[in-house]
Amino acid sequence: MKETEGNVDTDTPHEVKSLSIVTNHKATPEIHETEQPSEAVSKPPESQQAPKRKNAKRRDLSRFLGTMPPELIFEVLMYLPPQDLVNMACTTKAIRRLLLSIPLLWERKREELEAPAPPPTFSNAKWVSFLTTKHCYSCGAVNVRPDYYLLKYFCIKCRAAYLINDIKVKSMFPILSEEILHCIPYTQMNAQFKHNENRLYYSEDVEAMKFRWNWYLVDIEAGKEGAKEVFDSFKKGRAALVRDMQEIAPRAETWRNEVLARRSQQNKAVKKRRLDDIKRRFLRLGYIPEDLADLDHTDVGIGNSVLTEKAWEKLRQKLEPDIQGRKEARLFSEKQAVMKSRFAILTEAWDKWIAFLNLLTSEHFLYPQSFDLWYFLPINEILELDSGVEVTVKDFQPTIDIFHVLVSEFQRQMEVRALNLIPVANLAHASSNVALDLATSIFSCSIAPDCSWKDSDSHRSPALFTGWKAASMHRCSYTHLKYGVRTPVRRSRLVFATAASKLAHHLVHLCGADPFTTTADDMDTLDEQFICETCTEDTSGDHSKTAKKVVFNWRGALWHAAGRHKVVADDHGAQPTFSLLLGDVERKKVKRKNEKFKREALKTLPAWYCNHCLTYNNGKSGVLRDVREHVSNVHGIEKPSNPANYFFNEMCRFNLEGRWTAKSQD
């Protein structure tokens with residue numbers, strides 16, 4: 001029987017089989033120095049053979065190389081990279097024999113790779129072939145990491161499938177001596193190439209060694225002469241081979257890591273040259289380095305370090321949209337910075353003018369805020385001037401001189417806009433003078449429920465503004481991010497609360513009043529109470545006679561519908577049903593409760609402004625007692641009065657009249 005070295009020798013039938021698999025995966029096969037004997041096949045008669053091609057000589061590279069001097073062949077082949085030389089050796093048997101007949105060539109190629117010396121069972125040719133191979137020996141997967149302890153390539157899936165630990169080997173072959181494990185190559189890297197405490201063996205190596213081991217034992221048991229000495233020599237040689245493989249593997253692993261590191265550095269250098277070329281081309285197109293900052297983190301490929309025009313056009317189509325976006329963001333940010341610095345000149349003049357007027361706080365609510373000035377056409381035209389134009393206070397002086405005109409126009413436009421929101425169906429000829437004060441003229445914030453208006457630490461924005469008196473005090477503003485930069489603050493728009501207005505029309509009608517002429521103050525004077533027939537409070541949990549109906553005044557009914565039933569601006573969905581509370585006794589009882597609640601709330605609710613300054617409470621409304629003390633101590637008014645010295649914040653009114661009471665069900 002011919003002796004072999006198991007699966008350590010790459011000429012085993014297993015690897016011949018794996019070669020055919022790899023070939024299907026278009027991977028680089030290993031060089032097998034020992035040719036497998038082919039079966040004798042009788043040739044057909046010449047008449048049945050395919051005609052020879054005329055260019056056969058021209059295609060037979062082996063014949064051409066055979067006519068060249070060996071020194072010249074060596075010099076020519078030295079120009080080939082190791083991988084290409086391995087591929088060339090796998091083309092035909094004749095070329096393979098020719099290349100393997102030049103051992104110095106493969107030694108030079110190993111040195112070119114800067115690889116360590118080959119294992120004892122490997123020639124330089126086979127070692128170069130192994131080092132340049134990147135396919136799995138089992139499934140043919142490409143770009144696989146080698147295991148230098150086993151001298152094989154396996155993908156993660158195949159490693160998990162075919163590597164078995166020493167415990168499993170002992171359980172599979174309990175009869176065999178533990179000495180067999182010293183003769184089988186092993187690794188301590190698991191499927192993920194992490195260190196494993198147990199030794200891992202390739203299952204086919206174990207099977208092959210088991211067969212060889214039993215074969216020697218059979219010869220010994222048969223009493224063949226010298227069988228034991230041959231077996232001992234085999235074990236000694238195999239153990240030495242395994243030790244050599246364990247010593248070579250760390251050096252080979254170190255070499256691989258160095259190659260990968262060197263290749264990474266080379267790729268970085270090539271990428272940097274390519275990236276610098278791309279940047280230079282974009283700079284010539286009018287961009288600046290700041291626009292190209294993200295290119296350092298963009299995959300521009302490696303390819304050739306020299307960027308061709310075709311590659312540049314493809315990369316430009318891919319990269320320029322993001323670069324253009326970054327340029328637009330830069331220009332927007334720069335322009336906003338210039339515009340804000342110009343606007344600061346104007347606001348300084350505005351603040352001085354407002355301070356000179358010595359306005360009452362109640363008047364401040366009717367004046368534009370400083371951010372409103374940004375959108376006045378004469379001012380915005382100056383702000384939008386080219387960034388290279390220097391703007392000073394003199395440029396704004398014509399606008400400063402007509403501040404009073406701008407204020408009047410602002411107040412007029414605000415009222416006109418609110419008036420235009422009111423549907424024509426809500427108005428009549430008799431209501432033209434009181435249109436904004438009608439009980440049915442109800443507005444809401446355009447960005448509700450994200451309304452940002454807040455004038456006290458414990459106050460939330462109401463959903464509805466009843467009449468112009470409340471709507472004019474609403475100063476909600478908003479901004480948003482554009483290219484990561486905050487846009488100028490803008491006042492939020494009022495919208496007409498159609499559904500709430502229809503409900504108010506119904507409530508006015510229940511009171512017997514005319515919806516086209518009845519104002520919000522008129523409804524406050526009537527002070528009728530309304531029952532929400534849609535809501536029922538069950539105080540016992542069994543829907544018994546203790547169930548109660550909730551009762552509101554007219555403002556409370558509107559806010560209840562907005563908060564509980566989501567009746568605000570749109571006119572979709574069913575509205576809650578309200579009825580008028582009848583019975584003098586019950587009405588007086590409810591009114592007494594409401595009056596008591598209002599008196600207590602007015603004392604503790606932060607809903608009062610000082611009418612002489614905005615310094616109190618940082619411009620926010622406060623508690624009545626504190627505001628009175630402020631007016632007396634700071635402004636020297638012994639007996640301050642409402643509304644001359646302090647006034648109520650209409651935005652807080654719903655906290656007073658949104659209170660519901662209960663009425664026993666009949």
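Me: In this predicted model, how are helices α13 and α17 oriented relative to each other: roughly parallel or roughly perpendicular?

Reply: The general idea is to compare the angle between two helix axes with a fixed range, and an angle of 65 to 115 degrees counts as roughly perpendicular. Here the axes of α13 and α17 (residues 403-421) cross at roughly 85°, and the two helices are therefore roughly perpendicular to each other. Their axes come within 12 Å.

Me: Which residues of α13 and α17 meet?

Reply: A helix presents its residues in a repeating pattern. An α-helix has 3.6 residues a turn, so residues three or four places apart point the same way. In this structure, α13 contributes Leu-346, Ala-349, Trp-350 and Trp-353. The residues that they meet in α17 are Phe-403, His-404 and Val-407.

Me: How many aromatic pairs does a search of the whole structure find, and how should one pair be read?

Reply: The search finds 27 aromatic pairs. To read a pair, one considers the distance between the ring centres and then the angle between the planes, where an angle over 60 degrees counts as edge-to-face. Trp-213 and Phe-231 illustrate this: their centres are 4.8 Å apart and their planes are at 80°, which makes the pair edge-to-face.

Me: Where do Trp-213 and Phe-231 lie?

Reply: Trp-213 belongs to helix α11 (residues 203-221) and Phe-231 to helix α12 (residues 227-284), so the pair ties together parts that are 18 residues apart in sequence. Trp-213 is buried, with a relative accessible area of 3%. Phe-231 is also buried, at 5%.

Me: Which parts does the pair of Phe-282 and Trp-312 tie together?

Reply: Phe-282 and Trp-312 form an edge-to-face pair, with 5.0 Å from centre to centre and 70° between the planes. Phe-282 is in α12 and Trp-312 is in α13 (residues 309-357), so this pair ties together parts that are 30 residues apart in sequence. Both Phe-282 and Trp-312 are buried.

Me: Which residues form an aromatic cluster, and which lysine lies over the face of Phe-122?

Reply: One aromatic cluster consists of Phe-122, Trp-127, Phe-130, Tyr-137, Tyr-148 and Tyr-153. Over the face of Phe-122 lies Lys-126, at 5.9 Å from the ring centre. Phe-231 has a lysine over its face as well: Lys-235 lies at 4.5 Å from that ring centre.

Me: In what order do the three strands of the open sheet stand?

Reply: To read a sheet, one follows the pairing from strand to strand rather than the order in sequence. Here the order is β3-β5-β4, with antiparallel pairing. The edge strands are β3 (163-165) and β4 (187-189), each of which pairs on one side only. From one strand to the next, the twist averages 55°.

Me: How many bridges join β3 to β5, and which residues are partners?

Reply: Three bridges join β3 to β5 (residues 195-202), and the two strands run antiparallel. Leu-163 has Tyr-202 in β5 as its bridge partner, while Asn-165 has Leu-200. On the other pairing, β4 and β5 are joined in the antiparallel sense over two bridges. There, the partner of Met-189 is His-195 in β5.

Me: Which helix lies across β3 and β5?

Reply: Helix α11 lies across these two strands and runs at about 55° to β5. Trp-213, one partner in the first aromatic pair discussed, lies in this helix.

Me: Is helix α21 mostly covered or mostly open?

Reply: One counts the buried residues along the helix. In α21 (residues 554-564), nine of the eleven residues are buried, so the helix is mostly covered. Among the buried residues are Trp-554, Arg-555, Trp-559 and His-560. Just after α21, Lys-566 takes a positive phi of about 55°.

Me: What is Thr-440 in contact with, leaving aside its neighbours within four places in sequence?

Reply: Thr-440 is found in the loop between α17 and β6 (442-445). Although in a loop, Thr-440 is buried, with a relative accessible area of 2%. Beyond its sequence neighbours, Thr-440 is in contact with Asn-426, Phe-496, Ser-501, Ala-504, His-505 and Pro-515.

Me: How many helices and strands does the whole chain have?

Reply: The protein chain has 24 helices and 18 strands. Of its 666 residues, 43% are buried. Among contacts between residues at least 6 apart in sequence, 65% join residues at least 24 apart.

Conventions. Residues numbered from 1 in each chain as written. Predicted model: local features only at pLDDT ≥ 70, side-chain atom pairs only at ≥ 80, totals over all residues. Heavy atoms only, no water. Phe/Tyr/Trp six-rings, centres within 6.5 Å; stacked < 30°, edge-to-face > 60°. Helix = DSSP H or I, 4+ residues; strand = E, 2+ residues; numbered from the N terminus. Buried < 20%, exposed > 50% of the residue type's maximum accessible area, 1.4 Å probe, protein only. Lys NZ or Arg CZ within 6 Å of the ring centre and 35° of its normal. Pairing = 2+ DSSP bridges. Axes fitted to C-alpha atoms, helices over the stretch in contact; angles between N-to-C directions. Contact = heavy atoms within 4.5 Å. Parallel < 35°, antiparallel > 145°, perpendicular 65-115°, else oblique.
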